[in-house]
Protein chains: 2
Amino acid sequence: MTPSPTAKSPADAASIFHRPARTRRVDPSLSLERITASTVALLDREGAAALTMRALANELGAHASSIYWYVDRREDLVDLATDFVFGPAAGRTPKGDWEHIIRTTATEMYTALTDHAWAAEFAGQRPLLGPNALTLVSRIIRALDSTGATGKDQAIAGTSISNLVLGAATASAAARHLRLDDGESALTQHVIAAVQQVTEPANPVAAWTAYFDEGLDMLIHGWRTRTGIFT
Amino acid sequence: MTPSPTAKSPADAASIFHRPARTRRVDPSLSLERITASTVALLDREGAAALTMRALANELGAHASSIYWYVDRREDLVDLATDFVFGPAAGRTPKGDWEHIIRTTATEMYTALTDHAWAAEFAGQRPLLGPNALTLVSRIIRALDSTGATGKDQAIAGTSISNLVLGAATASAAARHLRLDDGESALTQHVIAAVQQVTEPANPVAAWTAYFDEGLDMLIHGWRTRTGIFT
DNA sequence: ACCTGAACACCGTTCAAGT
DNA sequence: ACCTGAACACCGTTCAAGT
């Protein structure tokens with residue numbers, strides 16, 4: 001295991017986005033792009049637990065060991081697939097005032113993570129550090145910067161918004177995992193009773209989704225109060 | 001198959017004094033409590049990936065298959081261990097006004113999840129629905145209820161606070177996973193540069209932790225504005 | 001350069017059998 | 001009731017060998 005010549009610390013090799021790309025040949029049957037697309041397809045179709053090297057190889061019409069010519073480990077596949085789902089949002093460029101840009105971008109991130117629940121499932125194991133994720137995060141930071149807030153206040157808002165997105169998506173993914181979105185199940189009823197939220201809403205998963213916007217709202221309002229920015 | 005020294009001949013069964021003792025074990029060597037404690041110890045010591053049935057069995061001085069008499073599957077161990085770390089917080093009863101109760105409880109949940117990073121790692125796969133977790137969540141809901149806010153506003157605040165806790169803990173766990181807390185690594189530097197946060201803070205992981213309180217602050221301020229509650 | 005096939009050292013889980 | 005031991009059907013990853 002020889003570290004790349006540019007690696008300054010052992011941590012550098014831990015992310016595929018920071019390892020040098022391999023040189024390509026003319027007619028390889030596999031490619032990082034094909035592998036990424038198949039990984040996403042497999043995850044979307046069968047969920048996080050179904051991502052095995054052998055299942056992916058089968059999807060690609062290749063042998064499991066062939067995949068290792070393109071990636072170093074299974075985790076790389078997760079990183080590639082996760083960043084892939086942020087692609088469409090990263091490709092768009094929202095116009096408007098800073099608040100609109102923040103709302104739009106945060107919501108797009110949240111939507112990507114809930115449309116592909118496996119991505120939220122992996123979020124505790126793999127940070128969202130792919131190029132598309134970084135594009136979205138820095139878009140939010142730039143919007144915050146345009147308000148004239150201090151660097152510290154920008155950092156506070158940026159991390160809090162990012163944490164809210166991640167937490168909402170994570171909770172939604174976990175709930176789906178237990179089929180908590182089945183409002184009729186005894187487990188769901190038990191949870192509802194336990195938190196004494198019997199009347200409203202009837203379905204906690206629906207609530208988590210519905211209330212993401214409201215949570216973002218509260219966060220932005222609180223930040224305005226804190227910074228005194230009411231543009 | 002060597003006969004043990006206590007092996008009985010057929011004649012022994014003729015006398016009650018020589019029949020084997022009652023089958024119910026007075027002192028079973030395993031128990032859910034022991035299994036839970038060992039699971040937590042193993043996870044704390046070696047991390048989420050180290051939790052295998054065989055490793056746990058080794059920790060317990062038993063065979064892996066024995067664990068299945070107490071739990072149905074490996075996921076049950078994760079659920080038990082995760083709820084266990086909420087035990088101390090659930091055992092305490094914070095006194096004070098609603099805001100203090102909410103701050104204390106949310107912070108205790110966040111601390112439990114970051115002190116045991118594996119718990120945050122699993123949060124996307126297993127919802128936090130153990131008795132201790134539900135105790136803490138309903139404590140927050142009750143505090144919100146005491147403000148006289150509508151059921152909907154309570155639900156919004158409750159889910160948003162819970163989402164912030166979960167997201168902050170998840171981001172922290174994922175960052176640790178990539179050793180992003182090594183502020184010197186090129187990966188960390190690259191991320192900092194990418195989000196154009198070069199000056200402050202120097203270390204994003206430290207920031208996530210430090211800014212949890214501030215995020216909670218913003219959320220509560222925003223909720224006050226929304227509901228008009230300024231008690 | 002790319003890909004295969006076999007092999008290694010693991011997994012979670014089941015189940016007949018023992019006590 | 002509780003625990004063992006062996007077995008099954010998998011895993012991720014490595015590596016010599018092929019093209």
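The following paragraphs describe how two protein chains meet each other and a DNA strand in a predicted model.

Because the model is predicted, local features need pLDDT of at least 70 and side-chain atom pairs count only at pLDDT 80 or more, while totals for chains, interfaces and linings use all residues. Residues are numbered from 1 along each chain as its sequence is written, chains are lettered from A and ligands numbered from 1 in the order in which they are written, and side-chain values use heavy atoms, with hydrogens and water left out.

A good place to start is the relation between the two protein chains. A turn of 180 degrees with a shift of 0.0 Å along the axis lays chain B on chain A with an RMSD of 0.1 Å, where the superposition is by least squares on the C-alpha atoms of residues with pLDDT of at least 70 in both copies. This is therefore the relation of a two-fold axis. Both copies use the same surface, with 92% of the contact residues of chain B recurring in chain A.

At the interface, 59 residues of chain B are in contact with 62 residues of chain A, contact being heavy atoms within 4.5 Å. The two chains bury about 5,200 Å² between them, and carbon and sulfur atoms give 68% of this area; buried area is the accessible area (1.4 Å probe) that two parts lose on being put together, summed over both. B:Leu178, B:Tyr211 and B:Met218 supply 13% of the area that chain B buries against chain A, more than any other three residues.

Polar and charged pairs also cross this interface. The rule finds five residue pairs in polar contact there, both residues at pLDDT 80 or more. A polar contact is a pair of N or O atoms within 3.5 Å; within protein, one must be able to donate a hydrogen and the other to accept it, and residues adjacent in sequence count only if both atoms are side-chain atoms. On the side of chain B that touches chain A, the elements giving two or more residues are α7 (117-122), α8 (131-145), α9 (151-177), α10 (186-194) and α12 (212-227) of chain B. Here helices (H or I, at least four residues) are DSSP runs, numbered from the N terminus. With 19 residues, α9(B) gives the most to this side. Two salt bridges span the interface, a salt bridge being a side-chain nitrogen of Lys or Arg within 4 Å of a carboxyl oxygen of Asp or Glu. In one salt bridge, the side chains of B:Arg226 and A:Glu214 meet at 3.0 Å, N to O.

Turning to the DNA, 19 residues surround strand D, and A:Arg54, B:Ser29, B:Ser65, B:Ser66 and B:Trp69 come nearest; a residue is near a strand if one of its heavy atoms lies within 4 Å of it. Of the atoms of DNA strand D within 4 Å of the protein, 54% belong to sugar or phosphate and the rest to bases. Phosphate oxygens of DNA strand D lie 2.6 Å from a polar backbone atom of B:Ser29, 3.1 Å from a backbone N or O atom of B:His63 and 2.8 Å from a polar side-chain atom of B:Tyr70. Helices α2 (53-60) of chain A and α3 (64-67) of chain B each supply at least two residues of the surface near DNA strand D.

Over all chains, the structure holds 22 salt bridges. In one of them, the side chains of A:Arg126 and A:Glu75 meet at 3.3 Å, N to O. This pair links distant parts of the chain, 51 residues apart: A:Arg126 is in the loop between α7 (117-122) and α8 (131-145) of chain A, and A:Glu75 is in helix α4 (residues 74-85) of chain A.
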